[in-house]
Amino acid sequence: MSVDRLATRLATRLAFFVAGFGIAAWALLVPFAKQRLTVDDGVLGFLLLCLGVGLVASMFLSDLLCARYGSKPIILIGAFGIALILPWLAVASTSLALGAALVAFGLSLGSLDVAANVKAVELERAAKRPRMCGFHVQFSIGEFVGFDAMTALAGCTLRLCHQP
């Protein structure tokens, strides 16, 4: 059975989309998190570093996990982690809680990113033609959709909170 099936290509594109959506959604939450926690720029910088720590750690681990278990379970775990943790980024009430959530979010995002790229390379090799660009376009589309969705959600929330 061929690795390069339509369903596999669509699932891989969805993985890239989810990664883009997640990072864009968090980016829009950064100023709200700073305001909600009333932290200075130094603390905010440290919190943003927590995301990077999770990303880097997961990138080392995900390569090994993909080699051992294949990319599919790592993609599923990473995407589930993003969906589970993203709401916590919006409501974390302490710097410690947000830092822990950002490490976990980084672990999920990095795992998804590495595993999706591993799967994309497999599909590209099986097809014997370039496909990577199409997969990475889905990441960008996910960013646009994530930014638009979070902007709309923030606008609705602000309107609801400021109604007389």
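Is Glu122 buried, exposed or partly exposed? Glu122 is partly exposed, with a relative accessible area of 33%, where buried means under 20%, exposed over 50% and partly exposed in between (1.4 Å probe, protein chains only). The legends below start from the whole chain and return to this residue.

This is a predicted model, in which local features need pLDDT of at least 70, side-chain atom pairs count only at pLDDT 80 or more, and totals for chains, interfaces and linings use all residues. Residues are numbered from 1 along each chain as its sequence is written, and side-chain values use heavy atoms, with hydrogens and water left out.

**Figure 1. The overall fold follows the pattern α-α-α-α-α.** The protein has five helices and zero strands; helices (H or I, at least four residues) and strands (E, at least two) are DSSP runs, numbered from the N terminus. Its C-alpha atoms fill a box of roughly 60 × 30 × 20 Å along the principal axes. Of the 164 residues, 38% are buried.

**Figure 2. Helix H4 covers residues 95-127.** From first C-alpha to last, the 33 residues of H4 reach 47 Å, close to the expected 48 Å, a span taken as 1.5 Å times one less than the number of residues. Just after H4 comes Lys128, with a positive phi of about 55°.

**Figure 3. A salt bridge joins Lys119 and Glu122.** Both residues lie in helix H4, three residues apart, about one turn of the helix. Their side chains meet at 3.1 Å, N to O, inside the rule for a salt bridge (a side-chain nitrogen of Lys or Arg within 4 Å of a carboxyl oxygen of Asp or Glu). Lys119 counts as buried, because its relative accessibility is 17%, while Glu122, at 33%, is partly exposed.

**Figure 4. Lys34 and Asp41 form a salt bridge too.** Here the N to O distance is 2.5 Å. Lys34 counts as partly exposed at 27% relative accessibility, and Asp41 as exposed at 57%. The count for the model comes to two salt bridges.

**Figure 5. Lys119 also helps line the second largest pocket.** About 280 Å³ of space lies in this pocket. Helices H1 (6-37) and H3 (71-91) are the elements that give two or more residues to the lining, and H1 gives the most, with six. A pocket here is an open set of points on a 1 Å grid where a 1.4 Å probe fits, with protein on both sides within 12 Å along at least five of seven lines; lining residues have an atom within 4 Å of a point.

How values were computed
Points joined across faces, edges and corners; volume = space filled by probe spheres on them.
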